[in-house]
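Here are some short exercises for you to work through with the structure open on your screen. Try each task on your own before you read the solution.

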Amino acid sequence: MKPAVLIVGADKGGVGKTTITRTLIDYLASKNTLVRAFDAEFPRGALKRFHPNVTEVIDITSVSDQMKMLDTLLTSEVKVSLIDIRAGLLSRTLKAFTDVGFFDAVREGEVTFGMFHILGPSVASLEEIADVTPYAAGKNYFAVKNFINETSFFEWDPAVYDSYFKKTKGSVELNIPKLHEMAYEQVDLSGVPFSTFIKNRTAQGHIANSSLVLRGYVRTWLNLVYQEYDRIGLLDRLTDSEAD
Amino acid sequence: MPEKNFAIIVASLRARNGKTLLARLIADYFLLTGDKPEIFDTDAVERKLAGFFPELSTVIDLDRVPDQMKLFDTLQAALPATQVIDVTHRSFQKFFKLMRDIDYAAEARSRGIEPVIFYIPDRDPESYEQGRLLRERCKDCSFVLVENAFVGEIGKDTRRSTAYAAFKSHYLRMTLPQLDPFFTGVIEDPKLSLSDFMRPAQAERPARMPSAQLSLAHLSREAGDGIRLWLKEVFKNLKWVMDELKLRGESMEIEDASR
């Protein structure tokens with residue numbers, strides 16, 4: 001398998017980027033695929049709190065941190081790198097990746113690239129699609145409608161959305177269902193991956209005392225999310241590239 | 001070997017076919033045998049079952065997650081007790097979907113609790129069909145078919161249905177005999193404890209009944225005997241089912257231990 005970089009981002013904040021990244025780490029782990037994650041919420045690192053063993057907090061605007069991510073792609077034993085981009089930095093990061101020749105490596109087939117673009121309900125999200133389109137064309141571009149915050153996407157005119165969305169060749173739409181807020185909060189308080197919460201374990205691997213009901217809600221929801229990743233053939237997209 | 005605890009789930013697709021009465025009788029059966037069950041009434045509107053056992057009952061509104069937690073998370077208590085859960089027909093689908101979603105049966109078993117569904121079909125083919133589907137979907141629960149004599153004669157359409165036929169050879173089943181309609185009003189008195197009524201000391205000395213049961217003190221001997229005979233038959237039928245369930249549980253434990 002050749003190295004793969006998956007970016008999870010949005011220019012708008014509060015749309016659930018870290019939540020999606022957490023589900024991706026769980027999903028890939030469930031498929032026995034090792035992942036390393038970069039948390040660009042510098043210096044706080046929300047992702048690192050849930051997945052400390054695989055996550056490194058980075059400042060994506062710093063050249064040394066960009067080197068830490070990109071210069072190790074070919075040498076790292078862990079082939080999939082997930083980058084949780086801080087709000088407001090998606091376009092800037094993509095431009096920086098262009099400047100350092102990352103997309104040239106993608107075009108030449110050295111690296112697989114995928115982008116999970118988390119969309120909010122506002123019209124600004126549609127404009128974001130236009131901003132990232134130049135970087136997404138012909139690649140694995142996933143427009144993620146995240147309903148976790150009970151977003152209704154009411155501000156969107158479907159025709160306008162289609163006009164933006166269809167411009168991006170090969171783009172795929174993903175729908176992430178809502179998780180009951182009590183369940184979400186409980187996982188948040190536990191500070192463990194969703195999969196660990198379902199297994200009723202603490203971060204240290206001891207038996208936790210999490211609610212059976214809330215664990216059930218998380219299990220059902222995570223299965224639905226996994227089904228979405230299966231539907232788009234995420235794993236095949238990462239491994240098929242090997243044959244390119 | 002410690003005594004097995006049960007989570008008894010009483011359900012029916014339709015209203016008014018004896019579900020709450022059966023849940024009450026099961027709770028009283030456990031009280032008579034010295035157990036102290038936790039009782040859950042999922043009818044947050046009528047709260048009828050809770051009215052009979054105010055000190056042992058919790059009323060649950062299944063539309064509320066905190067209430068769902070009150071009901072299902074009791075499994076995680078340090079000393080889980082036998083539970084009797086009366087599932088209102090309004091929450092029939094919701095309850096069992098939730099139960100499957102949270103993998104309730106597996107969790108209960110891992111804590112030494114045997115989940116058992118007591119299902120009362122009505123006279124129509126659909127209620128048998130829903131019972132058949134329930135038995136199919138909840139294979140990890142014991143399933144008891146309860147034929148309530150009060151429901152009346154089953155029609156030809158139902159007898160011809162495949163769902164009805166599917167239950168013909170179902171082993172775990174019991175009949176809920178019909179009580180003389182003359183006495184039904186008496187037992188609906190929420191102050192009447194059926195288990196206390198059946199205790200020998202109370203039967204011999206009705207004048208010493210606790211104040212909560214004064215209504216029984218005014219029963220004629222004929223009425224008292226009629227109710228007692230009916231209860232005896234109900235509890236005999238329940239005992240057969242519970243003994244079968246205990247035997248099944250023991251054989252499963254032996255199988256598990258030999259693996």
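A salt bridge is counted when a side-chain nitrogen of Lys or Arg lies within 4 Å of a carboxyl oxygen of Asp or Glu. Keep that cut-off at hand, and remember that you are looking at a predicted model.

**Exercise 1. The salt bridge between the chains**

Task: Find how many salt bridges link chain A and chain B, and name the residues involved.

Solution:
- Step 1. Begin with the count: chain A and chain B share one salt bridge.
- Step 2. Now look for the partners, which are A:Arg215 and B:Glu107.
- Step 3. Check the distance: the closest N and O atoms of this pair are 3.4 Å apart, and the rule asks for a nitrogen and an oxygen within 4 Å. The pair passes the test.
- Step 4. Widen the view to polar contacts, where six residue pairs are counted between chain A and chain B, with both residues at pLDDT 80 or more.
- Step 5. Ask which element of chain A gives the most to the side that touches chain B: helix α10 (residues 212-231), with eight residues.
- Step 6. Sort that side of chain A by class, and you get five nonpolar, seven polar and two charged residues.

**Exercise 2. The area of the contact**

Task: Describe how much area the two chains bury between them and which residues of chain A lose the most of it.

Solution:
- Step 1. Count the participants: 14 residues come from chain A and 15 residues from chain B.
- Step 2. Turn to the area, which is about 1100 Å² buried between chain A and chain B, with 60% of it on carbon and sulfur atoms.
- Step 3. Pick out the main contributors in chain A: A:Leu212, A:Val213 and A:Tyr217 lose the most area to chain B, and together they make up 47% of what that side buries.

**Exercise 3. A salt bridge within one helix**

Task: Locate the salt bridge of A:Asp99 and work out how its two residues are placed along the chain.

Solution:
- Step 1. The partner of A:Asp99 is A:Lys95, and their closest N and O atoms are 3.3 Å apart.
- Step 2. Both A:Asp99 and A:Lys95 belong to helix α4 (residues 90-99) of chain A.
- Step 3. The two residues are four residues apart, about one turn of the helix.
- Step 4. For the wider picture, 27 salt bridges are counted over all chains.

**Exercise 4. The sheet of chain B**

Task: Trace the sheet of chain B from edge to edge, then study some of its pairs.

Solution:
- Step 1. Write down the order of the seven strands, β3-β2-β4-β1-β5-β6-β7; they form an open sheet with parallel pairing.
- Step 2. Look at the ends: β3 (57-59) and β7 (173-176) of chain B each have a single partner strand, so one side of each has no neighbour in the sheet.
- Step 3. Consider the twist: neighbouring strands are turned by 20° against each other on average, direction ignored.
- Step 4. Zoom in on β5 (residues 113-119) and β6 (residues 142-148) of chain B, a parallel pair with four bridges. Here B:Val116 stands opposite B:Ser142 in β6(B).
- Step 5. Add helix α6 (residues 125-137) of chain B, which packs on the sheet and touches β5 and β6 of chain B; its direction makes about 165° with that of β5(B).
- Step 6. Move to β2(B) and β3(B), which pair in the parallel sense over three bridges. B:Phe40 has B:Thr58 as its bridge partner in β3(B).

**Exercise 5. The sheet of chain A**

Task: Now trace the sheet of chain A and find a helix that lies across it.

Solution:
- Step 1. Seven strands in the order β3-β2-β4-β1-β5-β6-β7 form an open sheet in chain A, and the pairing is parallel.
- Step 2. The edge strands of chain A are β3 (55-57) and β7 (172-176), each pairing on one side only.
- Step 3. Six bridges join β5 (residues 112-119) and β6 (residues 140-146) of chain A, and A:Val144 in β6(A) is the bridge partner of A:Ile118.
- Step 4. Finally, α10(A) lies across β5 and β7 of chain A, running at about 175° to β7(A).

Notes:
Residues numbered from 1 in each chain as written. Chains lettered and ligands numbered in written order. Predicted model: local features only at pLDDT ≥ 70, side-chain atom pairs only at ≥ 80, totals over all residues. Heavy atoms only, no water. Buried area = accessible area lost by both parts, 1.4 Å probe. Polar contact = N/O pair within 3.5 Å; in protein donor to acceptor, adjacent residues only side chain to side chain. Nonpolar A, V, L, I, M, F, W, Y, C, P; charged D, E, K, R; others polar. Pairing = 2+ DSSP bridges. Axes fitted to C-alpha atoms, helices over the stretch in contact; angles between N-to-C directions. Contact = heavy atoms within 4.5 Å.
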